[in-house]
Amino acid sequence: MPLTEPHDDHLPQEGPVARDGAVGDPDTGGNPVESAIEPEPTLPEPVRQRIVALTAAVLPTLPADEVPVPLRRVAKFAPNRRARLGAPAIAAQLTGDPLFRQRVTARVLTDAGDLGAAVVEGTAPAAADPVEVAALAYLARPRGWRELIDASGAAVRAEVDSAVVAELVREAEQRATRAEHDRAVARVEADKLRDELARVREELGQLREESRQLARTLRETQTRERKATELLATERGRAARASAEVDAELRRARARLAEAEAAAGVARASAKEARSVDDARLWLLLETIGQAAVGLRRELALDPVDKLPADFVADAFAEQPGSAPAGPAARARDTDDPARLDQLLALPRAHLVVDGYNVTKRGFGEMSLEQQRKRLITGLGGIAAQTGDEITVVFDGAERMHGLPPAPRGVRVLFSRKGETADELIRRLVRAEPAGRPVVVVSSDREVADGVRRHGAYPLGADSLLRRLARS
């Protein structure tokens with residue numbers, strides 16, 4: 001490869017002998033035009049490194065004014081760093097500065113002795129190092145110096161090729177040696193494996209014989225165990241039948257006793273509850289009729305009751321721990337006109353039943369369940385205070401929490417019990433009311449709306465109540 005990119009080839013070349021004794025370039029005959037046209041030769045890498053090393057060695061010996069400015073700092077480096085770190089600058093200066101090259105060549109040829117003289121004459125001893133000859137020829141540039149460099153490159157390449165061939169031969173010999181060693185190891189391992197296989201076969205024969213003996217022993221033991229098990233099963237069957245007969249008779253006696261006690265308790269509770277529910281329904285029906293029923297009430301001598309029909313349903317669905325969440329229900333809209341809700345609440349003795357989570361999740365579902373319940377119950381308290389109507393709000397028991405704040409006056413808060421949903425509790429509340437009493441159910445669940453409508457209630461959508469609460 002070229003020493004550097006020839007950027008100063010336009011400089012005039014020196015003659016056959018320079019002023020300081022350096023050899024010129026006889027190939028060009030001292031003609032600057034021909035020297036400028038001739039390109040730099042392509043140098044093998046070992047030749048280029050040797051040229052840089054020779055220049056770096058003589059660089060400190062040059063007077064300071066003869067050292068080019070770019071190399072003055074390199075000349076101060078340590079010998080081992082000068083050729084390694086200053087190689088680019090040295091190569092560029094040798095290519096572009098013929099005068100500097102002549103000065104370096106004069107000292108290099110002096111150090112080279114007879115070899116340098118032979119190279120100047122255009123000949124090279126057969127025993128000389130081709131790299132050294134090519135380096136001196138590049139610096140001195142005698143007649144035929146390019147041929148010397150080409151011959152050196154061919155010799156270097158031949159040496160490299162020879163080294164490569166020798167390395168390949170050595171690797172092939174190593175691989176053959178390793179293969180022979182591996183074959184020997186494989187033969188040894190095969191012998192070991194054959195011995196091991198023979199030993200394993202012998203042990204296998206012994207184990208098979210032991211296995212046959214153990215199998216015979218096991219069969220005999222299993223036969224004895226089977227006979228003992230059959231005998232034990234027979235005895236256990238006799239004992240179990242006797243115990244079962246005794247247990248069955250005891251269960252029948254306990255069942256008859258429990259049935260009798262349950263029948264008596266149910267009869268008492270049913271009679272009491274029926275009497276209380278009938279009194280409440282009758283009292284509420286008469287109260288709904290208004291002042292026209294005052295005389296009839298006096299005639300029947302009915303006293304005001306302490307509980308309303310919804311209270312009895314509330315007692316049956318009192319909060320119980322461990323309730324399960326209700327499944328999803330189909331949602332549907334009925335009517336969402338708040339004016340219709342106002343009309344129904346204006347009826348005498350109206351009862352407003354609210355599907356709690358159906359309303360809260362539709363109106364303010366971004367809140368927590370506790371905040372939803374609190375906001376709805378507070379709003380219903382305001383409606384109860386304005387209208388004086390009875391209001392019951394029902395929540396699924398799965399989300400109930402202990403320690404709820406007391407409900408506002410006129411608002412009843414119920415949670416469905418385990419295994420029941422708020423929809424079923426709402427339908428029970430509606431069925432508990434007497435015929436003729438205005439019952440308004442607020443829910444966007446179509447199943448709830450259809451169910452309460454069959455029992456005479458007025459279903460309204462959740463938006464009607466939300467708009468009524470927003471207006472308040």
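**Exercise 1.** In this predicted model, determine which members of the largest nonpolar core touch the most other members, and establish which helix gives the largest share of this core.

*Solution.* Begin with the contacts inside the core: among its 36 residues, I51 and L59 touch the most other members. Next, assign the core to secondary structure. Two or more residues come from each of helix 2 (45-58), helix 5 (87-96), helix 6 (98-112), helix 8 (130-140) and helix 9 (145-289). Of these elements, helix 8 provides the largest share, namely 9 residues. Finally, a further core of 25 residues lies apart from this one, and its members include F364, V393, V411 and L465.

**Exercise 2.** Decide whether the residues of strand 1 (residues 351-355) are buried or exposed, and state what follows for the strand.

*Solution.* The criterion for a buried residue is a relative accessible area under 20%. In strand 1, 5 of the 5 residues are buried, so the strand is largely enclosed by the rest of the structure. Now consider the directions of the side chains. In a regular strand they alternate between the two faces of the sheet. Here H351, V353 and D355 point one way, while L352 and V354 point the other way, and all are buried.

**Exercise 3.** Identify the strands with which strand 1 pairs, and give the sense of each pairing.

*Solution.* Take strand 2 (residues 390-395) to begin: strand 1 pairs with it in the parallel sense over 5 bridges. Within strand 2, E390 stands opposite H351. Then turn to strand 4 (residues 439-442), which runs parallel to strand 1 and is joined to it by 4 bridges. In strand 4, V440 is the bridge partner of L352.

Methods: Residues are numbered from 1 along each chain as its sequence is written. This is a predicted model: local features need pLDDT of at least 70, side-chain atom pairs count only at pLDDT 80 or more; totals for chains, interfaces and linings use all residues. Side-chain values use heavy atoms; hydrogens and water are left out. A nonpolar core is a set of buried Ala, Val, Leu, Ile, Met, Phe, Trp, Tyr and Cys residues joined through side-chain atoms within 4.5 Å. Buried means under 20% relative accessible area, exposed over 50%, partly exposed in between (1.4 Å probe, protein chains only). Two strands pair if DSSP finds at least two bridges between them.
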